[in-house]
Amino acid sequence: MKTDLHTLRGDNGDFFMGSGRLDGLLGSPLPLAYVVLLICQQGCADVNVNLQSYTIGKNDFLVLSEDSIAVINSKSDDFLCSYYLMNRSIAAEVAYELPNSLFLFLYRFPHFKPDSHFLDFLNAWEGLLSIISKEELQYTRQIIVNHFQNFFLWVSQRTVHMSASTRNDYSRQEAICWEFWELISAHCKQEREVAFYADLLHITPYYLSQLTRKFFNDSPKTLIDRQMVLEIKKQLTQSNESIQQIAHKFKFSDASYFGRYFKRITGVGLTEYRKLRS
């Protein structure tokens with residue numbers, strides 16, 4: 001039988017949702033999936049996330065990532081939470097449409113206490129996701145991606161003033177990661193080499209690698225490739241251009257190499273992916 005420990009780790013495919021009391025997990029770092037949204041349904045708990053302590057009560061939620069250090073120090077006997085887990089693949093698709101400023105904000109401020117307007121949205125959002133997850137439809141996965149994008153866009157809109165006011169408080173290392181992410185979004189269609197971005201940031205590729213592994217738990221090359229693949233997927237599904245034309249747009253020397261690159265990262269061919277999403 002799956003335990004809370006297994007589900008929090010995310011050993012259940014692209015997406016998993018459930019609820020539980022998180023019994024047996026007190027005092028030790030939680031084994032987290034790539035992205036975990038944890039919503040308190042009843043009771044309360046004292047949680048330490050990245051060396052910051054938070055008391056979460058009913059309707060409060062935490063946004064955690066694989067590299068978060070989250071420890072439940074104590075919880076009430078009636079504590080119950082719902083949790084929504086995403087692996088890297090589906091989380092990357094969700095993140096694709098989100099403002100870059102949101103990511104470091106969530107890393108620094110993972111705890112939210114919804115006001116009445118946010119609570120109305122949160123309750124409706126959870127109810128809809130419960131319905132969506134029960135349907136086995138051709139586009140269920142894309143609907144889930146869109147649903148999580150709506151959630152995080154709502155979070156972003158409610159915290160936009162906080163993001164602006166705290167941006168100058170980021171450390172130099174965080175600021176470099178912020179800028180790197182912005183550069184990837186701007187240049188990934190034409191530039192795939194880590195050295196290009198390191199040069200723009202006036203740092204060495206090695207130092208950039210240290211920073212991305214610290215803050216994103218991934219190498220710079222992995223982050224570049226992941227963003228580029230998302231751009232390629234968008235072109236495959238939203239345009240009628242040929243594979244050769246798309247390859248040229250992304251600065252690949254030929255369609256064959258372009259196809260091998262895409263399949264190495266996604267596990268499916270370009271034509272196959274286009275058919276699956278048509």
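These legends accompany several close-up views of a predicted model.

**View 1. Aromatic rings of helices H4 and H5 meet edge-to-face.**
Let's start with the aromatic residues, since the structure holds 23 aromatic pairs. In one of them, the ring centres of tryptophan 125 and phenylalanine 148 are 5.1 Å apart and the planes stand at 85°, so this pair is edge-to-face. The partners come from distant parts of the chain: tryptophan 125 belongs to helix H4 and phenylalanine 148 to helix H5, with their positions 23 residues apart in sequence. Tryptophan 125 and phenylalanine 148 are both buried. When you widen the view, look for the aromatic cluster that includes Trp125 and Phe148, with Phe15, Phe61, Tyr84 and Phe112 also among its members. Phe118, Phe121, Phe151, Phe152 and Trp154 belong to that cluster too.

**View 2. Phenylalanine 180 and tyrosine 197 form a buried pair.**
Both rings are out of reach at the surface: phenylalanine 180 is buried, because its relative accessibility is 0%, and tyrosine 197 is buried with a value of 0% as well. Their ring centres lie 5.7 Å apart with the planes at 85°, so phenylalanine 180 and tyrosine 197 are an edge-to-face pair. Phenylalanine 180 sits in helix H6 (residues 172-187) and tyrosine 197 in helix H7 (residues 194-201), and the two are 17 residues apart.

**View 3. A salt bridge joins aspartate 60 and lysine 113.**
Now for charged partners: the structure holds 12 salt bridges. Here the side chains of aspartate 60 and lysine 113 meet at 2.7 Å, N to O. Aspartate 60 is in the loop between strand E4 (52-56) and strand E5 (61-65), while lysine 113 is in the loop between strand E8 (111-112) and H4, so the bridge ties together parts 53 residues apart in sequence. Are the two partners buried or exposed? Aspartate 60 is buried, at 5% relative accessibility, whereas lysine 113 is exposed, at 57%.

**View 4. Glutamate 66 pairs with arginine 88.**
This salt bridge also has an N to O distance of 2.7 Å. Glutamate 66 comes from the loop between E5 and strand E6 (70-75), and arginine 88 from helix H2 (residues 88-96), so the pair ties together parts that are 22 residues apart in sequence. Glutamate 66 is partly exposed, with 32% relative accessibility, and arginine 88 is partly exposed with 27%.

**View 5. Arginine 226 and aspartate 218 make a buried salt bridge.**
The closest N and O atoms of arginine 226 and aspartate 218 are 3.0 Å apart. Both arginine 226 and aspartate 218 are buried. Elsewhere, salt bridges with shared partners connect Asp14, Glu93, Arg141 and Lys233 into one network.

**View 6. Serine 82 reaches glutamine 41 through a polar contact.**
Serine 82 is part of strand E7 (residues 80-86) and is buried, with a relative accessible area of 6%. Which side chain does serine 82 join by a polar contact of 2.7 Å? The partner is glutamine 41. Beyond its neighbours within four places in sequence, serine 82 touches Gly18, Ser19, Leu37, Leu38, Ile39, Gln41 and Glu126.

**View 7. A nonpolar patch lies at the surface.**
Leu137, Tyr139 and Ile143 make this nonpolar surface patch of about 280 Å². Isoleucine 143 belongs to helix H5 (residues 140-166) and is partly exposed, with a relative accessible area of 34%. While you are browsing, find lysine 134 in the loop between helix H4 (116-133) and H5. Lysine 134 is exposed, at 65% relative accessibility. From lysine 134 to proline 114 the C-alpha distance is 26 Å, with 20 residues separating them in sequence.

**View 8. Two loop residues have a positive phi.**
Most residues other than glycine have a negative phi. Asparagine 50 has a positive phi of about 50°. You will find asparagine 50 in the loop between strand E3 (45-49) and E4, and it is partly exposed at 22% relative accessible area. Lysine 251 also has a positive phi, near 65°. Lysine 251 is in the loop between helix H10 (243-249) and helix H11 (255-266) and is exposed, at 53% relative accessibility.

Conventions
Residues numbered from 1 in each chain as written. Predicted model: local features only at pLDDT ≥ 70, side-chain atom pairs only at ≥ 80, totals over all residues. Heavy atoms only, no water. Patch = residues over 30% accessible without salt bridge, like charges linked within 9 Å, V, L, I, M, F, W, Y side chains within 5 Å. Areas by Shrake-Rupley, 256 points an atom, 1.4 Å probe, with all protein chains shown as cover. Salt bridge = Lys/Arg side-chain N within 4 Å of Asp/Glu carboxyl O. Helix = DSSP H or I, 4+ residues; strand = E, 2+ residues; numbered from the N terminus. Buried < 20%, exposed > 50% of the residue type's maximum accessible area, 1.4 Å probe, protein only. Polar contact = N/O pair within 3.5 Å; in protein donor to acceptor, adjacent residues only side chain to side chain. Contact = heavy atoms within 4.5 Å. Phe/Tyr/Trp six-rings, centres within 6.5 Å; stacked < 30°, edge-to-face > 60°.
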